[in-house]
Amino acid sequence: MKSEKRPKRVAAPDPESRLHDAHHESLRLWLRLLTCTLTIERRVRAQLRQRFAISLPRFDLLAQLERNPSGLMMGELSRRLMVTSGSITGLTDQLAAEGLVERTPIPADRRAFLVRLTGKGKRTFDVMAAAHEAWIVDMFSGLKEGERRELHALLGQLKSTLQAVDAPKRRKEARP
């Protein structure tokens with residue numbers, strides 16, 4: 001029996017490739033940012049998988065716990081990572097089985113748990129975080145130091161503008 005050759009997978013065009021000169025400059029800029037973000041994220045996911053056999057969501061959960069050594073409630077992890085509580089439960093179950101995190105029940109609320117890194121989890125994350133930082137530094141190495149600072153400042157201005165536009169909406173939603 002002859003084995004069938006599968007056609008080579010062709011990478012989907014990036015979001016920016018769908019544009020043409022008639023599109024507004026702001027749309028072209030937004031899609032350039034999105035394309036860069038997706039490219040960096042894809043590379044980070046691949047590196048995490050290859051080097052550490054870990055997914056980006058698991059890495060992100062460990063990162064949140066590393067920044068909060070006293071631990072976080074599972075609901076807070078869900079909010080910070082913008083995923084469902086069921087997803088957090090699954091990730092936490094996996095990481096706890098590997099000895100990287102521990103769950104402690106909250107005495108005042110039998111349904112709630114505090115999650116924190118174990119010693120092994122902290123050591124493991126520190127190694128991954130150092131590699132992650134090196135990958136990011138490498139990905140930005142095509143920009144000179146001054147260009148990176150300028151890009152950071154410009155994106156900071158954009159962030160401030162977006163937050164200022166959203167602030168009245170958030171205040172309105174916060175009212176009883």
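**Pockets and a buried glutamine: close-up views**

The second largest pocket encloses a volume of about 340 Å³. Among the 15 residues lining this pocket, Leu 56, Asp 60, Gln 64, Arg 80 and Leu 81 are the closest to its centre. All views show a predicted model.

**View A. Helices and residue classes line the second largest pocket.** At least two lining residues come from each of α2, α3 (74-81) and α4 (85-97). Helix α2 makes the greatest contribution to the lining of the second largest pocket, namely seven residues. This lining comprises eight nonpolar, three polar and four charged residues.

**View B. Gln 64 is situated in helix α2.** The helix spans residues 56-67. Gln 64 is buried because its relative accessibility is 14%, under the 20% limit. When residues up to four places away in sequence are disregarded, Gln 64 is in contact with Leu 72, Leu 77, Arg 80 and Leu 81. Gln 64 is also one of the residues closest to the centre of the second largest pocket.

**View C. The largest pocket holds about 720 Å³ of space.** Its lining consists of 22 residues, and Leu 33, Cys 36, Thr 37, Ile 40 and Phe 140 are those nearest the centre.

**View D. Several helices contribute to the lining of the largest pocket.** Helices α1 (25-52), α2, α5 (119-139) and α6 (145-174) each provide at least two lining residues. Helix α1 accounts for the largest share, with ten residues. By class, the lining of the largest pocket contains 14 nonpolar, four polar and four charged residues.

Terms used
Residues numbered from 1 in each chain as written. Predicted model: local features only at pLDDT ≥ 70, side-chain atom pairs only at ≥ 80, totals over all residues. Heavy atoms only, no water. Helix = DSSP H or I, 4+ residues; strand = E, 2+ residues; numbered from the N terminus. Buried < 20%, exposed > 50% of the residue type's maximum accessible area, 1.4 Å probe, protein only. Contact = heavy atoms within 4.5 Å. 1 Å grid on protein atoms, 1.4 Å probe; cavity = no way out; pocket = protein on both sides within 12 Å on 5 of 7 lines; lining within 4 Å. Points joined across faces, edges and corners; volume = space filled by probe spheres on them. Nonpolar A, V, L, I, M, F, W, Y, C, P; charged D, E, K, R; others polar.
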